[in-house]
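Dear colleague,

Please find below the structure that I am handing over to you. My notes on it follow directly after.

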Amino acid sequence: MQNNNGTTPLDVFLHIAPSFFTTFHTVQLVSAATIVHVPTRFLLEFSLIVVPFVLFVTVLHPMVLNITVTMALVTAVSVVHQMRLKTHFAPFVQIPGRKPQFMSAARALINLMTAVCILAVDFRIFPRELAKTETFGFGLMDVGVGLYVFSNGIVYRVSPEQRLSWKRMGEVLLGSCPLVVLGAARFFVTQEIDYQQHVSEYGVHWNFFVTLAFVKILGTLIMDAIKDPEIAKFIAITVLCCHEMLLHLGVSRYVLSDQTGRANFWDANREGISSIPGYVALYLASTYLGAVMRPSVEIQPSKKFLRSAIKLTVVAGVCWKMIYVCEDMFGVSRRLANMGYVFWILAIGATMCALFMFFELFIYFVRFEEPKTPDQIMKGHDFCIPYLPLILEAINENGLAFFLAANLLTGLVNIIFQTLLMERAASLVIISYYSFMLCVVAVFMMVNKIKLKIW
């Protein structure tokens with residue numbers, strides 16, 4: 001938005017964090033009530049996870065601090081109450097390492113929150129300070145693309161057999177074609193129907209999908225070449241420092257200047273092109289964080305898992321500190337994807353993932369069942385406890401398809417309704433119904449084993 005400098009990084013996070021607490025208590029309730037009927041479970045999860053987030057970014061926005069603190073205290077009391085009689089099981093608790101559910105929960109919540117916000121921002125009921133900032137600042141809408149890159153980076157797995165070759169490059173380019181097609185389709189459709197768009201966000205022809213395509217290509221090829229997430233960490237820092245240096249040497253003035261025309265392709269899309277190094281650095285850093293939090297073995301002792309969660313928490317703390325350092329030195333800008341922005345996204349992503357890691361540890365701690373017979377021990381006790389909410393599991397199964405459906409529905413709503421003129425009640429009904437339909441489609445696809453994954 002023009003002349004919008006947003007809010008504070010803490011205020012943005014206070015709108016994200018409650019979703020963790022609502023997920024925590026929803027899982028507890030579903031488990032205690034042993035709800036297995038899919039429609040009933042869906043309605044319960046939608047009411048306790050999706051609807052509260054819709055309210056947090058609309059009518060409950062002024063009370064979000066009090067709500068977050070209250071939910072944190074209630075969650076802490078619940079955790080202490082359930083764990084106080086379970087200490088003798090602690091040495092025996094083990095966490096399965098295959099397809100970590102806490103990663104799926106974090107990624108799905110990122111997708112869900114982004115989908116809700118891209119429509120909600122078009123209504124007056126959405127707080128203006130949470131909308132996208134014009135140049136520098138912190139807005140809830142600013143974190144969408146960054147968290148999407150983060151959520152895809154943390155699931156990258158190093159494959160020892162994979163070799164960087166011309167054949168591999170062709171595979172990566174071919175795998176990115178759907179994103180390029182989606183980006184081109186979005187451009188032509190928005191031009192054809194004269195849909196509102198701000199060229200200062202990505203450029204004239206550039207958009208979210210094109211950025212994802214370039215990040216996927218460059219990030220995957222770099223990781224295939226180095227294969228070691230520890231090295232990726234240092235490459236990410238190097239790329240980020242070089243990117244920031246180039247911004248200070250004149251690139252930022254070129255990108256942000258109103259005097260620069262859009263006569264050629266480069267000038268017309270300077271925002272999207274110039275931000276690519278920042279997003280690639282974010283992707284590489286995310287692959288390192290993914291290696292930190294993902295168990296390296298099939299079954300991991302709880303103490304080792306706890307150490308990984310603590311390490312991720314420390315990394316998150318460092319990133320939060322760096323946000324304020326960068327803000328004082330050169331500002332935080334989503335348009336430039338500068339150093340401050342990358343640290344901001346890493347701080348939010350790492351904090352949410354750490355919270356879900358502690359949640360997963362808690363789940364296995366309080367529900368621990370020791371193998372009863374030697375045969376169970378020899379054959380491998382089934383340690384996996386499926387606790388992931390149905391809606392989040394469904395969104396994670398078809399992440400990009402879910403987001404694409406959200407974009408299509410958002411466009412449809414904006415064509416049918418004059419969103420900025422609608423009253424509170426009507427706005428809430430439309431946003432809630434839109435969210436409901438998206439979740440219904442996601443769950444329907446999962447139940448019927450339909451997968452449309454691109455990344």
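A salt bridge is taken here as a side-chain nitrogen of Lys or Arg within 4 Å of a carboxyl oxygen of Asp or Glu. This is a predicted model, in which local features need pLDDT of at least 70 and side-chain atom pairs count only at pLDDT 80 or more, while totals for chains, interfaces and linings use all residues. Residues are numbered from 1 along each chain as its sequence is written, and side-chain values use heavy atoms, with hydrogens and water left out.

Salt bridges

The structure contains ten salt bridges. One of them joins lysine 451 to glutamate 397, with the closest N and O atoms 3.3 Å apart. This pair links distant parts of the chain, 54 residues apart: lysine 451 is in the segment after α17 (424-447) and glutamate 397 is in helix α15 (residues 390-397). Helices (H or I, at least four residues) and strands (E, at least two) are DSSP runs, numbered from the N terminus. Lysine 451 counts as exposed at 52% relative accessibility, whereas glutamate 397 counts as buried at 16%. For these terms, buried means under 20% relative accessible area, exposed over 50%, and partly exposed in between (1.4 Å probe, protein chains only).

Salt bridges that share partners also join Arg168, Glu171 and Asp224 into one network. Within this network, the side chains of glutamate 171 and arginine 168 meet at 3.7 Å, N to O. Both residues lie in helix α7 (residues 166-192), three residues apart, which is about one turn of the helix. Glutamate 171 is partly exposed, with a relative accessible area of 39%, while arginine 168 is buried at 15%. Arginine 168 also forms a salt bridge with aspartate 224, where the closest N and O atoms are 2.5 Å apart. That second bridge links distant parts of the chain, since arginine 168 is in helix α7 and aspartate 224 is in helix α8 (residues 208-226), 56 residues apart. Aspartate 224 is buried, as is arginine 168.

Aromatic pairs

A search of the whole structure gives 21 aromatic pairs. Rings of Phe, Tyr and Trp (its six-membered ring) pair if their centres lie within 6.5 Å; planes under 30 degrees apart count as stacked, over 60 as edge-to-face and the rest as tilted. Phenylalanine 138 and tryptophan 344 are edge-to-face because their ring centres are 5.0 Å apart and their planes stand at 90°. Phenylalanine 138 is in the loop between α5 (101-120) and α6 (143-153) and tryptophan 344 is in helix α13 (residues 339-366), so this pair ties together parts that are 206 residues apart in sequence. Both partners are buried: phenylalanine 138 has a relative accessible area of 2%, and tryptophan 344 is at 0%.

Phenylalanine 208 and phenylalanine 209 form another edge-to-face pair, at 5.4 Å centre to centre with 80° between the planes. Phenylalanine 208 and phenylalanine 209 are buried. In addition, Phe20, Phe21, Phe24, Phe356, Phe359, Phe362 and Tyr387 form one aromatic cluster.

Cysteines

How many disulfides does the structure hold? It holds zero, a disulfide being a pair of cysteine sulfur atoms within 2.5 Å. The sulfur of cysteine 319 is too far for a bond, because the closest cysteine sulfur, in cysteine 326, is 9.8 Å away. Cysteine 326 is likewise in no disulfide, and its nearest cysteine sulfur, that of cysteine 241, is 9.5 Å away. Cysteine 319 is buried at 5% relative accessibility, and cysteine 326 is buried at 1%.

Surface and interior

Val189, Ile193, Leu412, Ile415, Ile416 and Phe417 make a nonpolar surface patch of about 550 Å². Patches are made of residues with over 30% relative accessible area and no salt bridge; like charges are joined within 9 Å and nonpolar side chains (Val, Leu, Ile, Met, Phe, Trp, Tyr) within 5 Å. Accessible areas come from the Shrake-Rupley method with a 1.4 Å probe, and for residues only the protein chains shown count as cover. Helix α16 (residues 399-416) gives the most to this patch, with three residues. Isoleucine 416 lies in helix α16 and is exposed, with a relative accessible area of 55%.

Serine 286, in helix α11 (residues 270-293), is buried at 0% relative accessibility. Leaving aside residues up to four places away in sequence, serine 286 touches Phe150, Gly153, Ile154 and Leu346, where contact means heavy atoms within 4.5 Å.

With kind regards
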